[in-house]
Amino acid sequence: MKDGYTNEDLLLVWLAACAELDERAKNEIAQVCARGVSAKQLEKICGALIQTGTNRVYKDDCAAIRQEAEGYLLRLSGAGGFAVTLAGTDYPESLRAIPDPPLALFCAGKRELLNGRKFCIVGSRMLPAWAQAAGKKISSELSERFAVVTGIAEGGDRAAIDGAVASGKLICVLPCGLDVDYPASHASLKREIAKRGLLVSEVPLGVRAQKFSFHARNRILAGLSEGVLVLAAGERSGALITADRALAYGREVFALPHNAGAAQGAGCNELIKQGAYLCTDAGDIFAAFGMERAQRPAVQLTPQEETLLAELRLAGEAHAAVLAGRAGIPVWEAQAVLASLELKGLAVRAGGNQYAALKA
Amino acid sequence: MIAKIVCFALQGLEGVPVEVETDVAKGIPAYEMVGLPDAAVKESKERVRSAIRNSGLLFPLGKITVNFAPADIRKEGAAFDLAVAVSLLKASEQLVGAQTENTVLLGELALDGSVRPIAGLLPILISAKAHGYTRFVVPAGNAKEAAYLRGAQIYPVRTLAETVAFLLGSASLAPLSPEKFEPHLHARQTADLKFVKGQPVARRALEIAVAGGHNLLLVGPPGTGKTMLARCLPTVMPDLTFDEALEITKIHSVAGTLGEDGIVSERPFRTPHHTATTVAMCGGGNRVVRPGEISLAHGGVLFLDELPEYKRSTLEALRQPLEDGKITVARAGGTFTFPARFMLCASMNPCPCGNYGSADKVCTCSPAEIRRYRRKISGPLLDRIDLQVEVDNVPYEALASDSRQESSAAVRERVNVARAIQNVRFEESGIRTNAEMSERELAAYCRLSGEGEEILREAFERMKLSARARSRILKVARTIADLAASEEILPAHVYEAVSYRLGDSLE
C-alpha cells in the first residue's frame, strides 16, 4: 500500500478526519474496531455513513473515500505528520485497551515512542514553584525508563516537558490539530517537541481546541500511560479528570503531597486520601513498577551550602533573610549560596525572596 | 550710525555668537528686525521700546533696522533684549564713549527697564569664554549661576539704566567673585536608607548598583517601598565633582529647571510619569530643542516607576542612550547631542494583580497573563538591566520596630571605596565604572578561576542566558568583588551576581 498505509488505515483515517462524525458515533465504531476489523466491515460502515450523510457527491464508493483519505494524509505528511490507526500495528496497545480508543492518532515526531513504556505527568496550569521544580526533576529521571506523556499547556505540562525534552522521550498529546499553535506562546516549544519527541492528536488538522477537547484529550493521556502522576491540582482541576480516567482504565495513580491549606494542591491530597500513591520522587514510581532506581551521583556541597540547605530543609520554605539569620551570614552571601543550591537542583525560588527546599 | 553688540544664541547645549547690528537712519519712523528672529525675539521690539522710555532714555525716532548675524541660524527667546536695547542706544548716539567692545550682553527686559533672568545662561557663558570673550553683563537674577564660571569678569545688572551707567563708566559695578563649589548646598534630601525597614536583599542590590554604575530593576508587590528605595539611590552615590556639577547644570540651565542655587549640587533624581512621550523622555521640541528627562537625569538617576506602564516605543528609545551615554536629537532646526549618562532604576509589580510570589496574598493571574505583563518590557531592555531584585512585603514587626538600619552615609563610604578601585583600574580606559566595560576590558579585568567559569557555564545553560547577559553577570561579579576589596572574582561573587538575574530564571 501507498506509504505503508493499508486499506483499513485509509478507511479509518477517513472516518477520523473527514467523515465529520460526532463523538458517540466514533466511539461506537471504535468499540467495534478495537476487537479487530476487516476492510470489508469498514467499507460497510463507511457506505452506511455515506447513505445517511448529506451533501456527499459520491454514493457507496470506497474508491472516492480512499482518495479523500489519501488527500488528507498528503496534507498531514506535508505538515510533517503521520497517522496511526486502530487497525495498524503501531497503535499503542495500552490505548487500544481502553473502552473508547481514538480511531486514529495523528502524530509528528518519533514513531518508536508510541510502543515503548509510557508514563503520564500532569498538573494544573498554576502550581507552586517547588511542585514545578519537583515535576521537572521527576520527569527528567522518569524519561530514562519511560516516555513521558503530557499535554502542552503551562504549569504542570511545562514542568514535564522541560524535564523530558532533553532526552527526547516525550509525548505531548494536543487538544487541537497538529498544525494549531495552542497555546500560542508554546509554538516554538511545539516545534522542538516534534523534532525531539512526539506530538500526538486525535483531532484532524486545523481543528482548534474547544472546551470539551481537553476532556477527550485527557482520556488519551491516561490511556497511553501505565501510570499518571499529578503534580498539582485544585479541587476542580482538569488534571483530576486524567487521574480519574487512569483509575477507570486500571492504571496506577500517583500524586505529590501538598500543604493541607493550599488550594492548588487540594486535588492531589484528595487523590492520596482515596488511595493514590504518595510520590515524593521518581524512586516512588520506579518502586511501584518494581524497578530499581539507578544510583545517582552524589551532589558535592560546600560546608556553607550544607548549613544553609539544612536550615532550608528544616523550614521547608523560608525567606532568604531568615535563612541568612539562622546560618549567621549576611543576606547577600545567603543569596549567593541559595543561587548555587538552585543551580544544583536542591532549592527553588518560590517567588519574592522566598526559597523552597527540593528533594535530592 | 551703525552699532554692533555681541550676544549669544543657544543651540542645544552650545552657545553661538550672534552680532546684533542696529542702524538708525533718517526717514519715516519704522522699526524692523531681520536675521531669522522668532516670535519672542520680534516681540522684544515692544519690550525694548518701553524699557528705554521708562529708564529715562530716548527711544530714537527714525528708520530703525536691527539685524541678527549670522542670519542663517534661528534666534529664539528673550535673551537678546538687553543687547538690542544697548545697540539701539549706541546707534542713536546715547552711549558715546561707552565700552561695549568684547562685552557680551545677555538679559530679558521688563517694561519698566528692569533686567530679568534668562534660561541657559551658564552654557552660553561657557561657550562664550571658549570663543574668547571674558567680559559679560548678565541679569542679577542669574548671578548665582554665572558665579560658577572661572576666569571671566561678570557684571550682574538689575536695570537697563544701571547697565547704561556701567557701560558709560559713570557708575562702577563689582564683578562677581567666583563661587566655590560645595556639594549639597541644601540639607541632604530627606530620603535616607536608615528609614528603609528590612529589605536586606534590595539594599545590597542598591549598593552594588551604585558602586558599579549598574542599572537596577525592583520587582515587588504594591506598597512595599520600591519608590522609597529608589529615592535613596542619589544619597548613596558619590558626591558631585565641580566638573560634573557644571555639566549637569548646563543641561538644567537650558531646560530652565535650574533652582535658586544657580548650580546643581545634588545628583538629579528624575521620575517622569509613565504617560511621558518619547520626546519628553529623549529631548526634542518643535523649534527649540530641549533636553529630555534622560538628559536631565545625567549624572544621576532616572527612575521609571511601574515600568510596564510606559509606552513600549518610549522604553525602546532608551536603549541607545543606555549604551552610549548620550542622545542625539535630529530636528529640522539642526542636530543636537545631549549627554545622558544616567543610572536607570525601574520598578514593577511581579504580575498584573501584584501578588505573585507574595507570602501572604494569593495571586489571581494566570501564567500567560504574567508572561504578557512581563513581555511589555522587551528582552533587549531587560538585558541592559544588570540587577533585578525582588522587594518583599515587609512584615509588620519590622515596620513598627524603631531599630534604625544602616544609614546612606555608611553605604556611601563603601561605594566610594569601590569607586576608587575602579578609578585606578580604568585610569587609561577612559571609562569610569564597571558597568561601562567593553569586551576588551572584560577580558582584562574579569578573569574567572576554573571554578567560577564552571559556575557561569552551568548558569548559562540552565538559565538559557544570552551572551550579553553573561557579560553583564561578569560585570556585576566584578563590582561585588570590588566591594569586597578582592582582586580576584571568587565563585561566591559569581553566584551572587547570578542570583540577581531574576528575569532570566522567570523568562
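The following exercises concern strands and helices in chains A and B of a predicted model. Residues are numbered from 1 along each chain as its sequence is written, chains are lettered from A, and ligands are numbered from 1 in the order in which they are written. Local features need pLDDT of at least 70 and side-chain atom pairs count only at pLDDT 80 or more, while totals for chains, interfaces and linings use all residues.

**Exercise 1.** Which strands of chain B stand at the edges of the open sheet, and why is one side of each left without a neighbour?

Solution.
- Strands are DSSP runs of E with at least two residues, helices are runs of H or I with at least four, and both are numbered from the N terminus.
- Two strands pair if DSSP finds at least two bridges between them.
- The sheet order in chain B is β11-β14-β17-β10-β18, with parallel pairing.
- The edges are β11 (269–270) and β18 (387–390) of chain B; each has a single partner strand, so one side of each has no neighbour in the sheet.
- At the β11(B) edge, two bridges lead to β14 (residues 301–304) of chain B, and B:Phe269 has B:Val301 as its bridge partner.

**Exercise 2.** How do α1(A) and α4(A) pack, and what kinds of residues make the contact?

Solution.
- Axes are lines fitted to C-alpha atoms, for helices over the stretch in contact, and angles run from 0 to 180 degrees between N-to-C directions.
- Helix α1 (residues 7–18) and helix α4 (residues 62–78) of chain A meet at about 70°, with axes 8 Å apart.
- The two helices are therefore roughly perpendicular (65 to 115 degrees).
- Contact requires C-beta atoms, placed from the backbone, within 7 Å; α1(A) contributes residues including A:Leu10 and A:Trp14, and α4(A) residues including A:Ile65 and A:Tyr72.
- The contact residues divide into ten nonpolar, no polar and three charged (Ala, Val, Leu, Ile, Met, Phe, Trp, Tyr, Cys and Pro count as nonpolar, Asp, Glu, Lys and Arg as charged, the others, Gly among them, as polar).

**Exercise 3.** Which strands pair with β4(A), and through which helices does the chain cross?

Solution.
- Strand β3 (residues 118–122) of chain A runs parallel to β4(A) and is joined to β4(A) by three bridges; A:Lys118 is partnered with A:Ala147.
- From β3(A) the chain passes through helix α6 (residues 129–142) of chain A to β4(A) in a right-handed β-α-β crossover (clockwise from the first strand over the helix to the second, with the strands pointing away from the viewer).
- Strand β5 (residues 170–173) of chain A also pairs with β4(A) in the parallel sense, over three bridges, and A:Thr150 stands opposite A:Cys172.
- The crossover from β4(A) to β5(A) goes through helix α7 (residues 156–164) of chain A and is right-handed.

Note on methods
Angles under 35 degrees count as roughly parallel, over 145 as roughly antiparallel, 65 to 115 as roughly perpendicular and the rest as oblique. Two residues are in contact if their C-beta atoms, placed from the backbone, lie within 7 Å.
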